[in-house]
Amino acid sequence: MSAKTDTEAKDMYYEALTAIETHLVNVSPGGLTYIAEWRGGNLDHKMGHLACFSGGMIALGAEDAEEDKRAHYRELAAQITKTCHESYDRSDTKLGPEAFWFNSGKEAVATQLSESYYILRPEVVESYMYLWRQTHNPIYREWGWEVVMALEKYCRTEAGFAGIQDVYSSIPNHDNKQQTFFLAETLKYLYLLFSEDDMLSLEDWVFNTEAHPLPVNHSDSAGRVGGQL
């Protein structure tokens, strides 16, 4: 929201990203890049659905990184987003589990039923939207449309949409809940993925963690704000 004038926040971000790369980012034997979880000094080789927002975050951050690191961050963002797509693509429903592992010869799949559910989460399509806006690579819209079709097939109910308890079963068992973030985030990011770039332009708006758009303060560039909240 500071129009890229908050240098303290910028420095903190790149410091944190360096630590994430140093301690958490791994590449599986199959070539999938993922962000592992650090628990009590031990590394769990699994990635949560919630962490899949990081592809979009890193893509955004690449734009203002040191010039010699921009290409690296763009590629890292693309690879993490690809891994999150794989977690969807390797399920029977083409929807992703709550968490997916990289061990015992298995990659990007949940290994227990307690992590096999999907509750309409937005993080993967969030990264698709940001990567599309940054690259205009049509693969991100293709992946987004796969999600739309899967939601229609497996999550739509008579009263709206509901999560499913096992993404690896083609016969959905609904949890009878439409999470609030489904409307606020998942559908919003899908809508923006298929909209023109000037629809809530990333030059003029910042999305907070719940996808609420906050205007960038262009006080030094009069007339650039594209709208009002």
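**Exercise 1. Is aspartate 197 buried, partly exposed or exposed, and at what relative accessibility?**

Solution. The model is predicted, and the classes used here put buried under 20% relative accessible area and exposed over 50%, with partly exposed in between. Aspartate 197 has a relative accessibility of 28%, so this residue counts as partly exposed. The next step is to turn to its partner: the side chains of arginine 133 and aspartate 197 meet in a salt bridge, with 3.5 Å from N to O. This pair links distant parts of the chain, since arginine 133 belongs to helix α4 while aspartate 197 sits in the loop between α6 and β10 (205-207), 64 residues apart. Arginine 133, with a relative accessible area of 9%, is buried.

**Exercise 2. Work out which parts of the chain are tied together by the salt bridges of arginine 121 and arginine 74, and classify the residues involved.**

Solution. Begin with arginine 121, which forms a salt bridge with glutamate 98, the closest N and O atoms being 2.9 Å apart. Arginine 121 lies in the loop between β7 (106-109) and α4, and glutamate 98 in the loop between α3 and β6 (99-103), so the bridge ties together parts that are 23 residues apart in sequence. Arginine 121 is buried at a relative accessible area of 13%, and glutamate 98, at 14% relative accessibility, also counts as buried.

Continue with arginine 74, whose salt bridge to glutamate 63 has its closest N and O atoms 3.5 Å apart. Here helix α3 (residues 67-89) holds arginine 74 and the loop between α2 (54-62) and α3 holds glutamate 63, so that parts 11 residues apart in sequence are tied together. Arginine 74 counts as partly exposed at 40% relative accessibility, and glutamate 63 is partly exposed with a relative accessible area of 31%.

**Exercise 3. Why is the pair of tyrosine 13 and tyrosine 14 edge-to-face, and why is the pair of phenylalanine 161 and phenylalanine 182 tilted?**

Solution. The count of aromatic pairs comes to 11. For tyrosine 13 and tyrosine 14 the ring centres are 4.9 Å apart and the planes stand at 70°, so the pair is edge-to-face, the cut-off for that class being over 60 degrees. Tyrosine 13 counts as partly exposed at 21% relative accessibility, whereas tyrosine 14 is buried with a relative accessible area of 16%. For phenylalanine 161 and phenylalanine 182 the centres lie 5.1 Å apart with the planes at 45°, so this pair is tilted. It links distant parts of the chain, phenylalanine 161 being in strand β9 (residues 160-161) and phenylalanine 182 in helix α6 (residues 180-193), 21 residues apart. Both phenylalanine 161 and phenylalanine 182 are buried. As a last step, Tyr13 and Tyr14 can be placed in one aromatic cluster with Tyr73.

**Exercise 4. Locate the residues with a positive phi at histidine 136 and asparagine 176, and compare their surroundings with two residues of helix α5.**

Solution. Most residues other than glycine have a negative phi. Histidine 136, although not a glycine, has a positive phi of about 55°, and it is found in the loop between α4 (123-135) and α5. Its relative accessible area of 39% makes histidine 136 partly exposed. Asparagine 176, likewise not a glycine, has a positive phi of about 60° and is found in the loop between β9 and α6, where it counts as exposed at 70% relative accessibility.

In helix α5 (residues 139-155), tryptophan 145 is partly exposed with a relative accessible area of 48%, while valine 147, also in helix α5, is buried at 2%.

Note on methods
Residues numbered from 1 in each chain as written. Predicted model: local features only at pLDDT ≥ 70, side-chain atom pairs only at ≥ 80, totals over all residues. Heavy atoms only, no water. Phe/Tyr/Trp six-rings, centres within 6.5 Å; stacked < 30°, edge-to-face > 60°. Buried < 20%, exposed > 50% of the residue type's maximum accessible area, 1.4 Å probe, protein only. Helix = DSSP H or I, 4+ residues; strand = E, 2+ residues; numbered from the N terminus. Salt bridge = Lys/Arg side-chain N within 4 Å of Asp/Glu carboxyl O.
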